[in-house]
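Morning, everyone. I have one structure to walk through today. Have a look at it first, please.

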Amino acid sequence: MSKSYSQLLRDIESGEIISIILIPNRREVIVEFINGERQLIPIFYNDQKILRISEEYNVPLTVRDIRSEQRLANFITGFGLTLIFVLSLSFLIRRSSKLLNNMQKFSGRSSQVNEDDIKTYTFDDVAGLNEESDELKEIVTFLRNPQILIDLGAKTPKGVLLVGPPGTGKTLLARAIAGEAEVPFFSISASEFVEMFVGVGAGRVRDLFKSAKSKSPCIVFIDEIDSIGRQRGAGIGGGNDEREQTLNQLLTELDGFEANNGVIVIAATNRPDILDQALTRPGRFDRRIDVSLPNRKARHKILTVHARSKPLCDSVNLMDWASKTPGFSGADLQNLLNEAAIYAARNGKSFIGSIEMDNALDKARFGLLTKPLSDPNKKRQIAYQIIGKTLVSLLLPSQDKLEKISLFKSLGDLSGMTYFTPDEETIDSGLLTRNYIYNKIVISLGARAAEIIIFGSKEVTQGSQKDLENVYFWANQMVTKFGFSDLGPVAYDSEKDSIFLGKGIMKNRKEYSQRTSKEIDNQIISIANKAIKDAINLLSDKVFLMDTLVDELVINETLESEYVINSLNSYLSNN
Ligand code: ATP
């Protein structure tokens, strides 16, 4: 404990102290005692008494000048602060220059557009696209020998738009043109043009065309053109500045390059409906080539192309698999074979057989399947839903082929599976009759109808919820789009307006009166009610057949389609 001032005076008098050090501008002294202890003891400002007493009792008193120490301390503090300031400044400068660098990299990246010469594709790689390929052969001719067109005074096409669903081979086709014409192929996805910084996209478009012109003749392929080419001014708040600037630059470039300079721009999209009309006017992307989903013959060819590198068992007939896969795109088919190969590898097989193909097809159609419920009562109720729906669909005239009946569930669906392969011709033609659509609604209500008949209307479950969503979807389309109701041959809703969220909100969406809106609801309800009655009528005299099939389904968990069809036919002929 530090001693008091009066104790200090007493200690000086009693000779307890060896020396005192006084620091003038600090009000304390450093005292050294006989026992070797050292202490700091506070004194008064300008204290004369301590000077006097130490002199009186012969205690040595030294005065220490600490100004030089203070100067050193001040110097060190000042230097430290300056150092910290300089370091933080240089850190900030480095960070902002990095940001600037990144911005430059963003705008400079267009020069890194993929110029593809790794693998050359030809039209032989594009299976089943004969019609499309024929049209594109003209472009190949021009790229190879432009003089033919120039001599005839014709202008070569500048832009070609490939339109089609995802995975139908648009990119492949564009590559094949480049491959056939033996010219460089520049590819970029339009979404890569648009970045955080306004103006960068436009810069990239300029760069892209600059590099392309230097390599002419060549093909520039822009994938997903809709991501920059959608109608300007659409969307809430008028649109996106960066996207619109990029689109404007693209239009300018297309206009700017003189005809016959050997650069052909091919763009791909699966949303032609949202493209800005300025993009598709003559002189720009004025050639449109529709690449549709492949038909059975084309699917067979695509499967054959992709099976070239895969060891298939002799029992695998690719034509059968082409028949089982309507609605599949080229990419889906490629994936089907790939999944089958993975299954084969997993099972330690060196050939791909029908079992692997079957598993791969199930995965492609239904995703991952989960096991049926273990509770016997619930399993039974679900089995009635499945059998009800299957029988209704078999009892109605339809070209769709019953493929699978199973208690295994696909994700998000509670009610097991009844799968029909859609009729190829109906899909191809795209024309659906009123009867076909109405029957779809009745089939969707088959599961509910079976539950009502067997368990009563109070014991129905929500297991067939997905089917009920389909009922609304189709009934709504019948009334509001196809003119298939008592409200007359009028389309109340048009697809065009619903493309842009912004447009939909800005505009008063419904163009019909509240009374019509109510009438539409009434029509939808009456279609659904009529359909459930029809489904119940179809099933009510087949309870015995349903019971038998349900028993078998609960035991086996899946049923062969042939077996169900035969059971129904013999039941009908006996009753
Ligand atoms: P997206 O619109 O999604 O960009 P895309 O129409 O450009 O798709 P591609 O990328 O050309 O489709 O095709 C995807 C894959 O599907 C390719 O790897 C290709 O092997 C295969 N494929 C698609 N169509 C065909 C076809 N007609 N012949 C052979 N393979 C095909």
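Start with Gly-167: one of its polar backbone atoms is 3.0 Å from an oxygen atom of the ligand. Keep in mind that this model is predicted. Next, Lys-170. Here the side chain takes part, with an N or O atom 2.8 Å from a ligand oxygen. Then Leu-172. Its contribution is a polar backbone atom, 3.0 Å from an oxygen atom of the ligand.

How much of the ligand's accessible area does the protein cover? On its own, the ligand has 630 Å², and the protein covers 79% of that.

Now the whole shell. It has 18 residues around the ligand. Among the closest are Ala-127, Thr-171 and His-306. By type, seven are nonpolar, eight are polar and three are charged.

Where do these residues come from? Helix H6 (170-181), helix H11 (296-307) and helix H13 (330-346) each give two or more. By domain, at least three come from domain 2 (115-290), and at least three from domain 3 (296-366).

Let's move on to helix H14. It runs over residues 354-366, which is 13 residues. Why should it span 18 Å? The expected span is 1.5 Å times one less than the number of residues, so 18 Å is what we should get. The end C-alpha atoms are 18 Å apart, which agrees.

Which residues of H14 are buried? They are Glu-356, Met-357, Ala-360, Leu-361, Asp-362, Arg-365 and Phe-366. After H14 comes Gly-367, with a positive phi near 75 degrees.

That's my last slide.

Conventions
Residues are numbered from 1 along each chain as its sequence is written. This is a predicted model: local features need pLDDT of at least 70, side-chain atom pairs count only at pLDDT 80 or more; totals for chains, interfaces and linings use all residues. Side-chain values use heavy atoms; hydrogens and water are left out. A residue is near a molecule or strand if one of its heavy atoms lies within 4 Å of it. A polar contact is a pair of N or O atoms within 3.5 Å; within protein, one must be able to donate a hydrogen and the other to accept it, and residues adjacent in sequence count only if both atoms are side-chain atoms. Accessible areas come from the Shrake-Rupley method with a 1.4 Å probe; for residues, only the protein chains shown count as cover. Helices (H or I, at least four residues) and strands (E, at least two) are DSSP runs, numbered from the N terminus. Ala, Val, Leu, Ile, Met, Phe, Trp, Tyr, Cys and Pro count as nonpolar, Asp, Glu, Lys and Arg as charged, and the others, Gly among them, as polar. Domain bounds come from an automatic or database domain assignment. Buried means under 20% relative accessible area, exposed over 50%, partly exposed in between (1.4 Å probe, protein chains only).
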